[in-house]
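Good morning, and thank you for coming. I would like to take you through a few features of one structure, so please look at the display as I speak.

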Amino acid sequence: MAPQIPEKQWAQVVEKKGGPPIYKEIPVPKPGPDEVLLKIKYSGVCHTDLHAMKGDWPLPVKMPLVGGHEGAGIVVAKGELASGVEIGDHAGIKWLNGSCLACEYCKTADEPLCATPQLSGYTVDGTFQQYAIGKAAHVTILPKDLPLDGIAPILCAGLTVYKGLKESNARPGQTIAIVGAGGGLGAMAQQYAKAMGLRVVAIDGGDEKRDVCEKLGSEAYIDFTKSKDLVSDVKAATPDGLGAHAVILLAVAEKPFQQAVEYARPRGTIVAIGMPANAFVKAPVFETVVKMITIKGSYVGNRQDAAEAVDFYARGLIKAPFKTVPLEELPRVFELMDQGKIAGRYVLKMPE
Ligand code: NAD
Ligand code: ZN
Ligand code: ZN
């Protein structure tokens with residue numbers, strides 16, 4: 001029997017740039033021919049959702065906007081051209097809601113680089129609502145035995161850091177510095193890094209983040225709010241004192257993007273993932289050259305990366321902390337996030 005789909009639903013809607021999100025009833029959207037409709041059970045809250053509400057980036061954002069791109073739920077309807085996914089499947093909506101599937105990047109499975117993407121909770125409505133739409137080709141199929149609350153943050157935070165770690169080219173046994181390690185992406189990054197055989201130096205601020213990082217298995221925690229010489233402290237925390245083989249930049253602050261080259265070891269790779277507003281990556285030419293440093297960006301991941309990131313979770317390798325609150329509480333979550341007070345992730349539970 002086809003699931004009952006109501007006409008109206010609860011959602012968090014940002015009506016103008018700057019917010020706040022308003023909790024209100026809106027119509028349930030109808031899937032197009034190549035789309036599926038998910039009954040969202042849980043959605044993680046990513047810092048990107050806050051950037052979107054604030055209008056932080058030089059990329060136009062849809063208004064009014066239903067944010068959210070870490071949505072896990074159940075397929076309740078599909079268009080006639082939606083293949084590879086069935087009603088009743090558990091599935092996830094990630095940042096890349098859809099892409100053209102015809103350009104050079106889409107054809108070579110580099111679809112995050114597509115010039116005409118649909119972005120969940122940014123250019124199309126996302127997962128801070130009870131029913132959300134995803135392109136059938138891009139939803140992530142989830143094994144039915146996995147908890148939808150725990151898996152929601154994998155759909156952006158997990159996927160993004162897993163891809164970033166691959167892009168870092170760090171090999172098992174090498175040391176990775178994770179900057180912003182106590183946040184949503186950072187907590188995941190520590191778990192994926194460990195599962196991939198990497199040694200972790202965590203950098204973040206405050207004792208709550210320290211506790212989280214120590215529990216997640218980092219070998220050292222450097223508190224950027226207390227360290228008198230962050231560069232020396234990071235180097236000293238690596239086993240031979242030479243610095244990190246790779247640095248994963250997740251912080252929502254500019255300084256680390258200009259400092260990382262100093263604690264990366266020769267031949268080290270710096271991967272920029274965090275996207276603080278109006279910020280620049282900067283490095284001294286001399287050090288970059290004589291240390292043969294690689295600096296690169298990493299942007300979410302493709303469909304296969306998403307499936308692999310989920311598989312790590314399915315095998316019990318990823319246990320990042322999260323707190324669950326009702327959808328109604330999104331404004332409070334944004335407030336805490338803005339103050340850098342969230343250790344791990346907040347996950348919103350949709351009303352029944
Ligand atoms: P978050 O707010 O949960 O975590 C950010 C962390 O950075 C916090 O723990 C904060 O204390 C820490 N921090 C702030 N200043 C710091 C400093 N100077 N040194 C070290 N740590 C510092 O955010 P999140 O959800 O983990 O997202 C992080 C960033 O990644 C955001 O900018 C987000 O938009 C971006 N992002 C990028 C991609 C991508 O594909 N590249 C995907 C998802 C998110
Ligand atoms: Zn995200
Ligand atoms: Zn494309």
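At 4% relative accessibility, C106 falls under the 20% limit, and therefore we count this cysteine as buried. Please bear in mind throughout that we are looking at a predicted model.

Let us stay with the cysteines for a moment. C213 is also buried, with a relative accessible area of 0%. Why does C213 form no bond with the closest cysteine sulfur? That sulfur belongs to C46 and is 17 Å from the sulfur of C213, which is too far for a bond. A disulfide requires two cysteine sulfur atoms within 2.5 Å, and by this rule the model has zero disulfides.

C46 brings us to the metal site. Which protein residues act as donors to the zinc ion, ligand 2? They are C46 through its SG atom, H69 through NE2, and C156 through SG, and they lie 2.0 to 2.3 Å from the ion. Along the sequence, the spacing of these donor residues is C-x22-H-x86-C. The pair of C46 and H69 links distant parts of the chain, the two residues being 23 residues apart. C46 sits in the loop between β3 (35–44) and α1 (47–54), while H69 sits in the loop between α1 and β4 (71–78). Are these two donors buried or exposed? C46 has 3% relative accessibility and so counts as buried; H69, at 0%, counts as buried too.

I turn now to strand β10, residues 175–179. Five of its five residues are buried, so the strand is largely enclosed by the rest of the structure. In a regular strand, side chains alternate between the two faces of the sheet. In β10 both faces are covered: T175, A177 and V179 are buried on one side, and I176 and I178 are buried on the other.

What are the neighbours of β10 in the pairing? Strand β11, residues 199–204, runs parallel to β10 and is joined to it by five bridges. Within that pairing, T175 has R199 as its bridge partner. To travel from β10 to β11, the chain passes through helix α5, residues 184–195, and this β-α-β crossover is right-handed. Strand β13, residues 244–249, is also parallel to β10, with four bridges between them. Here A177 stands opposite V247.

To close, I would ask you to find β10 on the display once more, with β11 and β13 as its parallel partners. Thank you for your attention.

Note on methods: Residues are numbered from 1 along each chain as its sequence is written. Chains are lettered from A and ligands numbered from 1 in the order in which they are written. This is a predicted model: local features need pLDDT of at least 70, side-chain atom pairs count only at pLDDT 80 or more; totals for chains, interfaces and linings use all residues. Side-chain values use heavy atoms; hydrogens and water are left out. Donors are N, O and S atoms within 2.8 Å of the metal (3.2 Å for Na, K and Ca); water is not among the atoms, so sites may look incomplete. Buried means under 20% relative accessible area, exposed over 50%, partly exposed in between (1.4 Å probe, protein chains only). Two strands pair if DSSP finds at least two bridges between them. A crossover is right-handed if, with the strands pointing away from the viewer, the path from the first strand over the helix to the second runs clockwise.
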